[in-house]
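Me: I have a structure open and would like to talk it through with you. Could you take me around it?

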Amino acid sequence: MGVTDPARPALDFSKVRAVYFDLDDTLCAYWDASKLGLRTAFDTHPVPGQSSEDMVRHWAAAFRDFAPYLKQTGWYEGYLISGQPTRIEQMRLTLLEAGVDDPDHAERLSEAYMVSRDLALALFPDALDLLEYLKPKYPLGMITNGPADIQRQEVETLHLTDYFKHIFIEGEVGEGKPLASVFERARAAMDCQPHEILYVGNSYDHDIAPAIQAGWRTVWVRRESDVPPSADLENPPRHKDAPEGAPQPDLVIGELSELLPLL
Ligand SMILES: [Mg+2]
């Protein structure tokens, strides 16, 4: 399935000289691992009177409030280095949602969640085939948001280091997507013109819109599984559409394997 913006020349894959990927929910199933990690943490360290499903909903409610606030406050500096302090705070807020004020329990839950999530983290089934195919043909890069420790751990857990010539992690470079400077740094590292770079990502706001803005060609990966934990069973979060009238990616795919015959 392809969607083309009539205002731009059609994407000519023979002009592509470098390929950048986002990591979470583009190459690996982050939200699936997160949901499994949360359920395991709440099963292992239960909260009296609350099922694990109840606690995941409380976590989602706390996350909805805390996540946007994180980057605008003093939490951000520490978050870039390590995911631990904000993960513990997120669990403390989750317990408060459940009416429990227990910072020690928040620490236990945070640790259990981090370990279980990492164990559950896996590449999408077709990701490795695609990377194996692309590696000898193009220099590959990764641009991923998140703390330095967590994102490096993910790259190692998934054995991805050797596939990528350049890996830009928000926590390591000190700023993240969707900032234009992040994309310019990545372009300069490849020594390519913007239109020679293909970017593959799952988030319209963090991947697709800023890559289009930078003049790159874009592939938007949209999968049904790509939704965060839900705070509301009646109205679960949905995969976000591009805003009305916003620039469209060169291509929309449901699976990474759709790129194999094109590149
Ligand atoms: Mg992503």
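The chat below goes through the overall fold, the sheet, the metal site and one loop residue.

Me: What kind of model is this, and how many helices and strands are there in the protein?
Reply: This is a predicted model, and the protein has 10 helices and six strands. Its radius of gyration is 19 Å, close to the 18 Å that the globule rule gives for 263 residues, so the protein is as compact as a globular protein of that length. Taken along the principal axes, the box filled by the C-alpha atoms is roughly 60 × 35 × 35 Å.

Me: And what share of the residues is buried?
Reply: Buried residues make up 51% of the 263, while the accessible surface comes to about 12,400 Å², with 53% of that surface belonging to carbon and sulfur atoms. Of the contacts with a separation of 6 or more, 72% are between residues 24 or more positions apart.

Me: Now the sheet: in what order do the strands come?
Reply: The six strands form an open sheet with the order β3-β2-β1-β4-β5-β6, and the pairing is parallel. The edges are taken by β3 (166-169) and β6 (251-253), each of which has a single partner strand, so one side of each is left without a neighbour in the sheet. On average, and with direction ignored, neighbouring strands are turned by 20° against each other.

Me: How many bridges join β1 to β2?
Reply: Three bridges join β1 (residues 18-21) to β2 (residues 140-144), and the partner of Y20 in β2 is G141. Helix α9 (residues 180-190) packs on the sheet, where it touches β1, β2, β3 and β4 (197-201), and its direction makes about 145° with that of β1.

Me: What about β1 and β4, over how many bridges do they pair?
Reply: β1 and β4 pair over four bridges in the parallel sense, with A18 standing opposite I197 in β4. β4 also pairs with β5 (residues 217-221) in the parallel sense over four bridges, and here R217 in β5 is the bridge partner of L198.

Me: Is β4 mostly covered or uncovered?
Reply: β4 is mostly covered, since five of its five residues are buried. I197, Y199 and G201 point one way from the strand, L198 and V200 point the other way, and all are buried. As a general matter, side chains in a regular strand alternate between the two faces of the sheet.

Me: Switching topic, what coordinates the magnesium ion?
Reply: The magnesium ion is coordinated by D22 (OD), D24 (O) and N202 (OD1), at 2.2 Å, and along the chain these donors follow the spacing D-x1-D-x177-N. D24 and N202 link distant parts of the chain, being 178 residues apart: D24 lies in the loop between β1 and α1 (30-44), and N202 in the loop between β4 and α10 (204-213).

Me: Are D24 and N202 buried or exposed?
Reply: D24 is buried, with a relative accessible area of 15%, and N202 also counts as buried, at 10% relative accessibility.

Me: One last residue, where is L158 found?
Reply: L158 is found in the loop between α7 (148-157) and β3, and at 7% relative accessibility this residue counts as buried, because buried here means under 20%.

Me: Which residues does L158 touch?
Reply: Leaving aside residues up to four places away in sequence, L158 touches L23, C28, L121, A122 and L123. The C-alpha atoms of L158 and L128 are separated by 9.8 Å, with the two residues 30 apart along the chain.

How values were computed:
Residues are numbered from 1 along each chain as its sequence is written. This is a predicted model: local features need pLDDT of at least 70, side-chain atom pairs count only at pLDDT 80 or more; totals for chains, interfaces and linings use all residues. Side-chain values use heavy atoms; hydrogens and water are left out. Two strands pair if DSSP finds at least two bridges between them. Helices (H or I, at least four residues) and strands (E, at least two) are DSSP runs, numbered from the N terminus. Axes are lines fitted to C-alpha atoms, for helices over the stretch in contact, and angles run from 0 to 180 degrees between N-to-C directions. Contact means heavy atoms within 4.5 Å. Buried means under 20% relative accessible area, exposed over 50%, partly exposed in between (1.4 Å probe, protein chains only). Donors are N, O and S atoms within 2.8 Å of the metal (3.2 Å for Na, K and Ca); water is not among the atoms, so sites may look incomplete. The radius of gyration is taken over C-alpha atoms; the globule rule is 2.2 Å times the number of residues to the power 0.38. Accessible areas come from the Shrake-Rupley method with a 1.4 Å probe; for residues, only the protein chains shown count as cover.
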